[in-house]
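I opened a new notebook page for this structure. The plan is to look up a few things and write down what I find.

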Amino acid sequence: MILYHGSNMIVDKPKLVPQNRNLDFGFGFYTTTNKAQAIGFAEKVFRRRSEGRMTVSVYEIDEQKAFSDCSLLRFDSPDEAWLDFVFANRSGSYNGPFYDLIFGPVANDDVYTTFNLYSAGVLTKEQTLEALKIKKLFNQLVLTTEKALSYLKFAGTVPEEEF
């Protein structure tokens, strides 16, 4: 599996760095299977930090080996379990089990408005799930432990002309 990580610098040796905000799948090193999404994230990080340059690092992971050797939480679609998990992480209230790897749909900017309406109580869980069915969601793989990171192999960067 090929994975991408958007940043304002090359990340050839990924590390687990504490984050200053609550993300979809909690603490970890975030990657995506979608190059365009990683490019968009690199833009955001570059704008927010105002240093470095837009960079998308590319990785390879032996999905079969990593997924069988590590503890894995996998969501194949934005279903109720996924919504509950993302909501708990984003609100900072998740207190369930921890996993080495978490794989599933990204609640990206396109989904953010729907998610905010759910968080505010404007949409019910059923309405939110129905709205998410029409969205094109890409996958993300979050590596949450050193064990998980050991399966990630740096393969280079996306050339700037592809941005």
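**Entry 1: terms and first lookup.** Before naming any place in the chain, I note that helices and strands here are DSSP runs, with at least four residues for a helix and at least two for a strand, numbered from the N terminus. With that in hand I looked up asparagine 34, which sits in the loop between E2 and helix H1 (35-49). I also note that this is a predicted model.

**Entry 2: asparagine 34.** Is asparagine 34 buried or exposed? I found a relative accessible area of 14% for asparagine 34. The cut-off for buried is under 20%, so asparagine 34 counts as buried. I then looked for its contacts, leaving out residues up to four places away in sequence, and found Tyr4 and Phe138. Tyrosine 4 is 30 residues from asparagine 34 along the chain, yet their C-alpha atoms are separated by 7.0 Å.

**Entry 3: the whole chain.** I stepped back to count elements and found six helices and seven strands in the protein chain. Read along the sequence, their order is β-β-α-β-α-β-α-β-α-α-β-α-β. Next I checked the overall size. The C-alpha atoms fill a box of roughly 45 × 35 × 30 Å along the principal axes. The radius of gyration is 16 Å, and a compact globule of 163 residues would have one near 15 Å, so the chain agrees with that expectation.

I looked up burial for the chain too: 43% of the 163 residues count as buried. The accessible surface comes to about 8,900 Å², and carbon and sulfur atoms hold 52% of that surface. For contacts with a separation of 6 or more, I found that 83% are between residues 24 or more positions apart. As for charges, there are 18 positive and 21 negative ones, and their mean positions are 4 Å apart.

**Entry 4: aromatic rings.** How many aromatic pairs does a search of the whole structure find? I got 11. One that I looked at joins phenylalanine 29 and tyrosine 59: the ring centres are 5.9 Å apart and the planes stand at 90°, so this pair is edge-to-face. Phenylalanine 29 belongs to strand E2 (residues 29-32) and tyrosine 59 to strand E3 (residues 55-61), so the pair ties together parts that are 30 residues apart in sequence. Both phenylalanine 29 and tyrosine 59 are buried.

I also looked at phenylalanine 115 and tyrosine 118, another edge-to-face pair, with 6.4 Å centre to centre and 75° between the planes. Phenylalanine 115 and tyrosine 118 are three residues apart in helix H4 (residues 109-119), so about one helical turn separates them. Phenylalanine 115 and tyrosine 118 are buried as well. Finally I noted one aromatic cluster, formed by Phe25, Phe75, Phe85, Tyr94 and Phe98.

**Entry 5: two residues of helix H3.** Asparagine 89 is in helix H3 (residues 80-90), and alanine 88 lies in helix H3 too. I found a relative accessible area of 9% for asparagine 89, which is buried. Alanine 88 is buried with 13%.

Which residues does asparagine 89 touch, not counting residues up to four places away in sequence? I listed Asn22, Leu23, Asp24, Phe25, Gly26 and Tyr94. With the same kind of neighbour left out, alanine 88 touches Ser93 and Tyr94. Tyr94 is thus a contact of asparagine 89 and of alanine 88, and Tyr94 is also a member of the aromatic cluster. For alanine 88 and asparagine 22, I read a C-alpha separation of 9.3 Å, with their positions 66 residues apart along the chain.

**Entry 6: serine 50 and proline 159.** Serine 50 is in the loop between H1 and E3. Its phi is near 50°, a positive value in a residue other than glycine. Serine 50 has 60% relative accessibility and counts as exposed.

Proline 159 is in the segment after strand E7 (152-157). At 33% relative accessibility, proline 159 counts as partly exposed. Valine 58 is 101 residues away from proline 159 along the chain, and their C-alpha atoms are separated by 10 Å.

Conventions: Residues are numbered from 1 along each chain as its sequence is written. This is a predicted model: local features need pLDDT of at least 70, side-chain atom pairs count only at pLDDT 80 or more; totals for chains, interfaces and linings use all residues. Side-chain values use heavy atoms; hydrogens and water are left out. The radius of gyration is taken over C-alpha atoms; the globule rule is 2.2 Å times the number of residues to the power 0.38. Buried means under 20% relative accessible area, exposed over 50%, partly exposed in between (1.4 Å probe, protein chains only). Contact means heavy atoms within 4.5 Å. Accessible areas come from the Shrake-Rupley method with a 1.4 Å probe; for residues, only the protein chains shown count as cover. Lys and Arg count as positive and Asp and Glu as negative; His and the chain ends are not counted. The place of a charge is taken as NZ of Lys, CZ of Arg, CG of Asp or CD of Glu. Rings of Phe, Tyr and Trp (its six-membered ring) pair if their centres lie within 6.5 Å; planes under 30 degrees apart count as stacked, over 60 as edge-to-face and the rest as tilted.
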